[in-house]
Amino acid sequence: MINVGDMLSRHTNNKLKSTIHRVVNPPRELWSTSRYSIPFFMHPVSAMSLNALDNCVDENNPKLYEDTTAGEFLHERLIELGLIKK
């Protein structure tokens, strides 16, 4: 399973949808079995453009977002989350 984050969703003009992280407990009979999760988080360099890819925009799928960089997007997200002040 691969969860797509907000930056990749934006970069693909929502062709790849950002997912909400959630954990679901297994059925009671499986509680004693092991479960493994190996998360891998990747973040582009701050100067990377997150502009919608050309092949993800057409007359049926107009551009949804203003141009930005990964650093600008992260900064705005941290403000939204209240982790830094504007």
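## Salt bridges, a buried Asn and a pocket

Let's start with Gly-71, which is partly exposed, at a relative accessible area of 21%. Buried would mean under 20%, so Gly-71, at 21%, falls in the partly exposed class. Everything here comes from a predicted model. As for where Gly-71 sits, its place is in helix H2. It also has a partner worth checking on screen: Ser-49 is 22 residues away in sequence, and the two C-alpha atoms are 9.0 Å apart in space.

Now for the charged pairs. Side chains of opposite charge can pair when their charged atoms come close. How many salt bridges does the structure hold? There are three, and here they are with their N to O distances:

| Acidic residue | Basic residue | Distance, N to O |
|---|---|---|
| Asp-6 | Arg-77 | 2.2 Å |
| Asp-67 | Lys-63 | 2.4 Å |
| Glu-80 | Arg-77 | 3.1 Å |

Take the pair of Asp-6 and Arg-77, whose closest N and O atoms are 2.2 Å apart. Asp-6 belongs to helix H1 (residues 6-11) and Arg-77 to helix H2 (residues 70-80), so this bridge ties together parts of the structure that are 71 residues apart in sequence. Both partners are partly exposed: Asp-6 has a relative accessible area of 32%, and Arg-77 has 25%.

Arg-77 turns up again in the bridge with Glu-80. This time the two residues share a helix: both lie in H2, three residues apart, or about one turn of the helix. Glu-80 has a relative accessibility of 59% and counts as exposed, the cut-off for that class being over 50%. Which residues end up in one network through shared partners? They are Asp-6, Arg-77 and Glu-80, joined by their salt bridges.

The remaining bridge in the table links the side chains of Asp-67 and Lys-63. Asp-67 is partly exposed at 46% relative accessible area, and Lys-63 is partly exposed too, at 44%.

Lys-63 also shows up around Asn-13, as one of its contacts. Is Asn-13 buried or exposed? It is buried, with a relative accessible area of 5%, and its place is in the loop between H1 and H2. Setting aside neighbours within four places in sequence, Asn-13 is in contact with Ala-52, Cys-56, Val-57, Asn-61, Pro-62, Lys-63, Leu-64 and Tyr-65.

On the surface, look for a nonpolar patch formed by Leu-81, Leu-83 and Ile-84, which together have about 300 Å² of accessible area. Ile-84 lies in the segment after H2. At 31% relative accessibility, Ile-84 counts as partly exposed. Patch residues need over 30% relative accessible area, so Ile-84, at 31%, passes that cut-off.

Finally, the empty space. Rolling a probe the size of a water molecule over the atoms shows where such space is left. The largest pocket holds about 1500 Å³. Which residues of its lining are closest to the centre? Out of 33 lining residues, those are Asn-3, Val-4, Gly-5, Phe-40 and Phe-41. Both helices contribute to the lining as well, with H1 and H2 each supplying at least two residues. These are the helices tied together by the bridge of Asp-6 and Arg-77.

Definitions and conventions: Residues are numbered from 1 along each chain as its sequence is written. This is a predicted model: local features need pLDDT of at least 70, side-chain atom pairs count only at pLDDT 80 or more; totals for chains, interfaces and linings use all residues. Side-chain values use heavy atoms; hydrogens and water are left out. A salt bridge is a side-chain nitrogen of Lys or Arg within 4 Å of a carboxyl oxygen of Asp or Glu. Helices (H or I, at least four residues) and strands (E, at least two) are DSSP runs, numbered from the N terminus. Buried means under 20% relative accessible area, exposed over 50%, partly exposed in between (1.4 Å probe, protein chains only). Contact means heavy atoms within 4.5 Å. Patches are made of residues with over 30% relative accessible area and no salt bridge: like charges are joined within 9 Å, nonpolar side chains (Val, Leu, Ile, Met, Phe, Trp, Tyr) within 5 Å. Accessible areas come from the Shrake-Rupley method with a 1.4 Å probe; for residues, only the protein chains shown count as cover. On a 1 Å grid over the protein atoms alone, a cavity is a set of points where a 1.4 Å probe fits but cannot get out, and a pocket is an open set with protein on both sides within 12 Å along at least five of seven lines; lining residues have an atom within 4 Å of a point. Grid points are joined across faces, edges and corners, and a volume is the space filled by probe spheres set on the points.
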